[in-house]
Amino acid sequence: QSIYQFRGATVSLFTDTVDQACFGPKRLDVYHLQVNFRSSPAIVEWNNKVYGELFQGAGNSFVPSIPFRSNPGMVTVEALPSSEAEAQRVVQLVQDAFREDPAQSVAILVRGRSHLKYILPALKQAGIGASGTDIDPIADSAPVAEVVSMIRALWHQADRTSWLALLRAAFVGLSWEDCLTVSMGHEVIPVALRKSEVQAKLTPEGLVRVKRLVDALEGVDKSSRSDELAWKARALWLALGGMSTVDQTELSDIKTVFKLLGTHTATGDLDNPQAFFNALANLYASPKAGVVQIMTIHKSKGLEYSTVIIPALHKSGGSDDTPLFYWRTINGRFFLAPNMGGEDAMSPESRLFKFLGGRVKADHRQELERVAYVGTTRAKSRLHLTACKDVADDEAGGSNSLLGSLKRVLADQFV
């Protein structure tokens, strides 16, 4: 994982070791792995040409690969007029791949999850199953969202929004009409559910469902462990038949939520509610079974697929705020420069900060090139790249995008 700057990698440590052919007092023999056992000759030759031009200059030691396989292959680079058109083209490429070989593996690789905004709905509309790794936030899953609403409701009796979401959950199933009846007035929802005058206004089916919910609530409240939020939430969900409303993948996600809740309720109640909900926001749903694999390029390192599609080359990654400090080791010396804000731009500190910032941005651009290399070398037979920018436009693809990194070597390949 040495190529990833966000993990603190310093690439110069590796390139200097290769250049010096030594590690401390030990002399090293440098061997280059040249044989590519994965990709077809067409893909290997394309990568050799592109990255042979891209990885030039000091600090780069690109060695062309030699294909071991002799199977046919292809590489396409396309410019589309809009994100919607690009999504439809991705669907067409997937369909073409499976039409040729229904048993082959197909992957869609993106730099960021937000780049799938139009592609995921297009795949769903076309009836193509997709399996994503670290793509869908766990809280976006409907069964998980229902469990989270239940946890919020049990944690705060006056949280009307969460209580109403609990009433609408699949394991309670109250209609909108009955929810309106329960919510009228100024009583908190758990009190209103128990009032005879409220129950009298419910539909026959609604009355059955409310009594079932009230019985389950009273059952967990009478337990000696009722002051343990994690136990209470799990017990209530099971008592209401939550298990029967989810599949195995969704059950795994819900168990993850309950496990996380347990780590944040050491005293029984939520120690730090905001910390729990923040941690929940950083969890991702388990990948579902699907014919197309979807993941970030970072996650694809070491994997291989018959067909690889890399869309949204024009889209940028997240932008970082200007930091308080920049630091770099240059020629064996460590430099640290503070951000002087609005002070004299010509002061030594400001000039050093600007200089080191330029080095950091250059390192980031080089990392983008390496990330592109990881993505385009995952394919065995077919590699498709798409973007939504006019390549004749000098502003096409900013410096923080894969298109911006590859533009000077791909400009004449777009169709």
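## A parallel sheet and its helical surroundings

Strand E9 (residues 305-310) runs parallel to strand E12, and five bridges join the two. This is a predicted model, so please read everything below in that light. Two residue pairs help you find the register by eye: Thr307 stands opposite Arg382 in E12, and Val308 stands opposite Leu383 in E12.

Now look at the other partner of this strand. Strand E5 (residues 74-79) pairs with E12 over six bridges, in the parallel sense. Here Glu78 is the residue that stands opposite Thr386 in E12.

These pairings belong to a wider arrangement. Six strands form an open sheet with parallel pairing, and their order is E5-E12-E9-E6-E8-E7. E5 and strand E7 (130-132) are the edge strands, each pairing on one side only. From one strand to the next, the twist averages 20°. Helix H2 (residues 41-54) packs on the sheet, where it touches E5 and E12, and the direction of H2 makes about 50° with that of E12.

How many of the nine residues of strand E12 are buried? Seven of the nine residues in E12 (residues 379-387) are buried, so this strand is largely enclosed by the rest of the structure.

### Two helices that cross

Away from the strands, a helix pair is worth a look. Two packed helices are described by the angle between their axes and the distance between the axes. For helix H5 (residues 142-155) and helix H6 (residues 160-168), the packing angle is about 135° and the axes are 8 Å apart. H5 and H6 are therefore oblique to each other. The crossing in which H5 passes H6 is left-handed. On the H5 side the contact is made by Ser149, Met150, Arg152 and Ala153, and on the H6 side by Ser162, Trp163, Ala165 and Leu166. By type, the residues of this contact divide into five nonpolar, two polar and one charged.

H5 also takes part in a second set of contacts. The buried residues of helix H11 pack against H5, helix H10 (204-221) and helix H12 (248-263). In H11 (residues 229-239), the buried residues are Leu229, Ala230, Lys232, Ala233, Ala235, Leu236 and Trp237. An α-helix has 3.6 residues a turn, so residues three or four places apart point the same way.

### Backbone spots with positive phi

If you are checking backbone torsions, three residues are handy to have side by side.

| Residue | Phi | Place |
|---|---|---|
| Ala21 | near 55° | loop between helix H1 (11-20) and strand E1 (22-23) |
| Ala312 | near 55° | loop between E9 and strand E10 (325-330) |
| Gly241 | near 80° | follows H11 |

For Ala21, the value is positive in a residue other than glycine. Ala312 likewise has a positive phi and is a residue other than glycine. Are these two alanines buried or exposed? Ala21 has 16% relative accessibility, which is under the 20% cut-off, so Ala21 counts as buried. Ala312, at 3% relative accessibility, counts as buried too. Ala312 also brings us back to the sheet, since its loop lies between E9 and E10, and E9 is the strand joined to E12 by five bridges.

Notes:
Residues numbered from 1 in each chain as written. Predicted model: local features only at pLDDT ≥ 70, side-chain atom pairs only at ≥ 80, totals over all residues. Heavy atoms only, no water. Axes fitted to C-alpha atoms, helices over the stretch in contact; angles between N-to-C directions. Helix = DSSP H or I, 4+ residues; strand = E, 2+ residues; numbered from the N terminus. Parallel < 35°, antiparallel > 145°, perpendicular 65-115°, else oblique. Left-handed = near helix turned anticlockwise from the far one by under 90°. Contact = heavy atoms within 4.5 Å. Nonpolar A, V, L, I, M, F, W, Y, C, P; charged D, E, K, R; others polar. Buried < 20%, exposed > 50% of the residue type's maximum accessible area, 1.4 Å probe, protein only. Pairing = 2+ DSSP bridges.
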